[in-house]
Structures are given as structure tokens and as C-alpha cells.
Amino acid sequence: MMLNQMIKSVLEQDRASVVLCDLNHVIVYMNPAAIRRYEKRGGAALLGKSLLNCHNKKSNQMIEKVVAWFNENQDNNMIYTYHNEKENKDVYMVALRDEDKKLIGYYEKHEYRDAETAAVYDFSNSLV
């Protein structure tokens, strides 16, 4: 139980959007950063809805292709999907697996390339 609380806290504090989907592409979790980022598309109201409704046909085909690849082998766990030039970040799709390595869902991982601008150990400034 404590580990679940810790993992949830990690997700909640992340400045990058985290949207977890099950194998039916239903959005089962959005962290606060994702809710803010996708507010114009519905924000928290997207929970329980299909991620595929948020993407075009070509993107949906690629999502399906990646999930099939995740299913092919338990070592197929992360794939680079694109670079967002405007936000200077790389984006990946990542498999979510249970303790038996069975695929149970996926999420999109954002890795920003910009250097941090906050002062080191500046306790007066909240980063989130």
C-alpha cells in the first residue's frame, strides 16, 4: 500500500503530462499536469474516455501498431514516437506491465531537453 501511495505521489508531482491508458485505450489516470495541459480538450472529463477520440486516424493507427508491438515480446517496452520542436522534448510510448510482465496498458512519456532555470536548492520557489 505504501509503495502505491509513493508511486501516485511521483506521478502527481511530475511537471510533465502523464496519461495512463488501459488496453482498450480508455484513459484511466491523468496527473495534474495532464489535466491542465488538456483542459481545452476536456481536462479531467477525459477520464474514462477513449484516447483514440483525441487523435487523428494516422495517430490511432500508430498507437494500435505500437500496442501490438508491446504485445509481441515482454522486452518491447518503450518506443520513440516524435520530437516536439516547439516544446523541445522527445516523446515516447511506454508499456505498462503487471508483476508477471503481462501488458496491462501504456502511457506517453515526455522528456524535455531544456536546462533547468531555477536556482539550485532555492527553497523560496516552487517548481510545480
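These notebook entries record what I looked up in a predicted model of one protein chain.

**Entry 1: overall layout**

I began with the secondary structure and found three helices and five strands in the protein chain. Read from the N terminus, the elements follow the order α-β-β-α-α-β-β-β. I then took the extent of the C-alpha trace, which spans about 45 × 35 × 30 Å along its principal axes. The chain has 128 residues, of which 28% are buried. For the accessible surface I noted about 9,100 Å², with 53% of that area belonging to carbon and sulfur atoms. I also looked up the contacts between residues at least 6 apart in sequence; 34% of these join residues at least 24 apart.

**Entry 2: the largest pocket**

I turned next to empty space. Rolling a probe the size of a water molecule over the atoms shows where such space is left. The largest pocket has a volume of about 730 Å³. Its lining comprises 30 residues, and those closest to the centre are His55, Ser59, Ile63, Tyr82 and Glu108. I asked which elements supply at least two residues each to this lining. They are the strands β1 (19-22), β2 (27-30), β3 (78-84) and β5 (103-112), together with helix α3 (57-72). Helix α3 gives the most, with six residues. Sorted by class, the lining of the largest pocket holds 18 nonpolar, seven polar and five charged residues.

**Entry 3: the second largest pocket**

The second largest pocket contains about 200 Å³ of space. I listed its lining as Leu3, Asn4, Ile7, Lys8, Leu11, Leu20 and Tyr107. Helix α1 (residues 2-13) provides the largest share of this lining, namely five residues. By class, I recorded five nonpolar residues, one polar and one charged.

**Entry 4: aromatic pairs**

I searched the whole structure for aromatic pairs and obtained two. In one of them, Trp69 and Phe70 have ring centres 5.8 Å apart and planes at 45 degrees, so I entered the pair as tilted. The angle falls in this class because planes under 30 degrees apart count as stacked and those over 60 as edge-to-face. Are the two partners buried or partly exposed? Trp69 is partly exposed, at 28% relative accessibility, whereas Phe70 is buried, at 0%.

**Entry 5: Ser17**

I located Ser17 in the loop between α1 and β1. Ser17 counts as buried because its relative accessibility is 5% and the cut-off for buried is under 20%. Leaving out residues up to four places away in sequence, I found that Ser17 touches Asn31, Ala33, Ala34, Arg37, Tyr38, Glu108 and His110. One of these contacts, Glu108, is also among the residues closest to the centre of the largest pocket.

**Entry 6: positive phi**

I closed with backbone angles. Most residues other than glycine have a negative phi. I noted Lys101, where phi is positive, near 70 degrees. Lys101 sits in the loop between β4 (89-97) and β5, and it is partly exposed, with a relative accessible area of 46%. I noted also Tyr121, which is not a glycine and has a positive phi of about 50 degrees. Tyr121 belongs to the segment after β5. With a relative accessible area of 71%, Tyr121 is exposed.

Definitions and conventions: Residues are numbered from 1 along each chain as its sequence is written. This is a predicted model: local features need pLDDT of at least 70, side-chain atom pairs count only at pLDDT 80 or more; totals for chains, interfaces and linings use all residues. Side-chain values use heavy atoms; hydrogens and water are left out. On a 1 Å grid over the protein atoms alone, a cavity is a set of points where a 1.4 Å probe fits but cannot get out, and a pocket is an open set with protein on both sides within 12 Å along at least five of seven lines; lining residues have an atom within 4 Å of a point. Grid points are joined across faces, edges and corners, and a volume is the space filled by probe spheres set on the points. Helices (H or I, at least four residues) and strands (E, at least two) are DSSP runs, numbered from the N terminus. Ala, Val, Leu, Ile, Met, Phe, Trp, Tyr, Cys and Pro count as nonpolar, Asp, Glu, Lys and Arg as charged, and the others, Gly among them, as polar. Rings of Phe, Tyr and Trp (its six-membered ring) pair if their centres lie within 6.5 Å; planes under 30 degrees apart count as stacked, over 60 as edge-to-face and the rest as tilted. Buried means under 20% relative accessible area, exposed over 50%, partly exposed in between (1.4 Å probe, protein chains only). Contact means heavy atoms within 4.5 Å. Accessible areas come from the Shrake-Rupley method with a 1.4 Å probe; for residues, only the protein chains shown count as cover.
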